[in-house]
Amino acid sequence: MPTLDTTEQGYQIPQIDTIVRGDSRRLRFTVTVDGAPKDLTGDTLRWGLFDREYQSDFDTAALSDADADVTIRTDPITDPTAGEFEVKIDEGAFDVLAGEWFQRVVVDPTGGSLQTWVGRVLIQQ
């Protein structure tokens, strides 16, 4: 489970290179502030898959939490008060995707500053 620290430079997510088209996937994340869990209660969480590393407009994502086969899950699946959440991607969501992609995770706290992370995803045919 990658730890996304809001105080680190770079905001990189470790590469995922084991997704096979047709698979389902559960991506679990923990968000921290200075190494301590960040309470995500009330925060807006986003996840998307883009064809370019620098893209951040979720309206242009190849796959995102706005799609019916992608769900961001917190309580009771994970513990949002401990900074934990999961992105559940249903079987078949990757069917038309192959090659190198970039996942972007966004945490937008109420009254705070938006945090974003990006990482490579390799999807095999």
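These legends walk through several close-up views of a predicted model.

**View 1. The whole protein is built from strands.** Welcome to the overall picture: the protein has 10 strands and 0 helices. Following the sequence from start to finish gives the pattern β-β-β-β-β-β-β-β-β-β. A box of roughly 40 × 30 × 25 Å, set along the principal axes, holds the C-alpha atoms. For 125 residues, a compact globule would have a radius of gyration near 14 Å, and the protein agrees because its own value is 14 Å. Among contacts with a separation of 6 or more, 66% link residues 24 or more positions apart.

**View 2. The surface carries charge of both signs.** About 6,500 Å² of the protein is exposed, and 44% of that area comes from carbon and sulfur atoms. Of the 125 residues, 40% count as buried. Look for 23 negative and 11 positive side chains; the centres of these two sets lie 4 Å apart.

**View 3. Five strands line up in an open sheet.** Step across this sheet and you meet its 5 strands in the order β2-β10-β9-β5-β6, with mixed pairing. At the edges stand β2 and β6 (63-64); each has a single partner strand, so one side of each is left without a neighbour in the sheet. As a reminder for reading this view, strands of a sheet pair through backbone hydrogen bonds, either parallel or antiparallel.

**View 4. Strand β9 pairs with β10 and with β5.** How many bridges join β9 to β10? There are 9, between residues 99-108 of β9 and residues 115-124 of β10, and the two strands run antiparallel. Two places to find are V107, whose bridge partner in β10 is Q115, and W101, whose partner in β10 is V121. Strand β5 (residues 44-50) is also antiparallel to β9, with 7 bridges between them. Here F50 has F102 of β9 as its bridge partner. Strand β9 is mostly covered, with 7 of its 10 residues buried.

**View 5. A hairpin links β9 and β10.** Between these two strands lie 6 residues, and in this hairpin G111 takes a positive phi near 75 degrees.

**View 6. I13 is a buried loop residue.** I13 sits in the loop between β1 (3-5) and β2 (16-20). Is I13 buried or exposed? It counts as buried, because its relative accessibility is 5%, and the cut-off for buried is under 20%. Setting aside neighbours within four places in sequence, the contacts of I13 are P2, L4, F29, Q103, V105, W117, V118 and G119. One of these contacts, Q103, is 90 residues from I13 in sequence, yet their C-alpha atoms are 8.2 Å apart in space.

**View 7. Two loops show backbone features worth a pause.** A little background helps here: most residues other than glycine have a negative phi, and most peptide bonds are trans. Where is D34? Find D34 in the loop between β3 (25-33) and β4 (36-37). Its phi is near 55 degrees, a positive value in a residue other than glycine. D34 is exposed, with a relative accessible area of 64%. The other loop lies between β7 (70-73) and β8 (84-89) and contains P76. The peptide bond from D75 to P76 is cis, with omega near 5 degrees.

Terms used
Residues numbered from 1 in each chain as written. Predicted model: local features only at pLDDT ≥ 70, side-chain atom pairs only at ≥ 80, totals over all residues. Heavy atoms only, no water. Helix = DSSP H or I, 4+ residues; strand = E, 2+ residues; numbered from the N terminus. Rg over C-alpha atoms; globule rule 2.2 N^0.38 Å. Buried < 20%, exposed > 50% of the residue type's maximum accessible area, 1.4 Å probe, protein only. Contact = heavy atoms within 4.5 Å. Areas by Shrake-Rupley, 256 points an atom, 1.4 Å probe, with all protein chains shown as cover. Lys, Arg positive; Asp, Glu negative; His and termini not counted. Charge placed at Lys NZ, Arg CZ, Asp CG, Glu CD. Pairing = 2+ DSSP bridges.
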